[in-house]
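User: Could you take a close look at one part of this structure for me? I'd like a connected walk-through rather than a list.

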Amino acid sequence: MTKILFTILVVVVVWWMFKTIQRRHQQMTGTPRESVSERAARSAREAVRATMEKRGNAPVVEDLEPCPKCGAYVPKGTECGCGKG
């Protein structure tokens, strides 16, 4: 039982030390930490911006309609190709 408690204690102490060192580093550099979702959102915005710049700042909008057979959304006037009959 003491081995398990000691192992848990060591893991908590190492985690706490890592967290403290990371906070100090952020304070020294002045860079806030981004969460995974913030990085993904920023990456998506950059991709959209790059695509729009490549196409002359004109966003491409295409109307979609649900496939009557499977419910997947496809561009208007095209076949889904789901194979459901």
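What follows is a close look at the first helix, with the rest of the chain as background. Which residues does helix α1 span, and what can you tell me about L9 there?

Analyst: Happy to. Bear in mind that this is a predicted model. Helix α1 covers residues 2–29, and L9 lies in it. For context, the protein chain has two helices and two strands, arranged along the sequence as α-α-β-β.

On confidence, α1 is a good place to look: its mean pLDDT of 90 is the highest in the chain, while helix α2 (residues 36–54) has the lowest, at 77. Over the whole protein chain the mean is 80, with 85% of residues at 70 or more. As a general caution, predicted coordinates shouldn't be read in detail where pLDDT is low.

Now back to L9. This leucine belongs to a nonpolar surface patch, together with F6, V10, V13, V14, W15, W16, M17 and I21. Between them, these residues offer about 950 Å² of accessible area. The protein chain as a whole exposes about 7,900 Å², and 61% of that comes from carbon and sulfur atoms.

W16, one of the patch residues, also has a polar side to its story: its backbone oxygen sits 2.9 Å from a polar atom of the T20 side chain. T20 is in helix α1 too. T20 counts as buried because its relative accessibility is 19%, under the 20% cut-off. Burial isn't widespread here: just 4% of the chain's 85 residues count as buried.

Conventions:
Residues numbered from 1 in each chain as written. Heavy atoms only, no water. Patch = residues over 30% accessible without salt bridge, like charges linked within 9 Å, V, L, I, M, F, W, Y side chains within 5 Å. Areas by Shrake-Rupley, 256 points an atom, 1.4 Å probe, with all protein chains shown as cover. Salt bridge = Lys/Arg side-chain N within 4 Å of Asp/Glu carboxyl O. Helix = DSSP H or I, 4+ residues; strand = E, 2+ residues; numbered from the N terminus. Buried < 20%, exposed > 50% of the residue type's maximum accessible area, 1.4 Å probe, protein only. Polar contact = N/O pair within 3.5 Å; in protein donor to acceptor, adjacent residues only side chain to side chain. pLDDT = per-residue confidence, 0-100.
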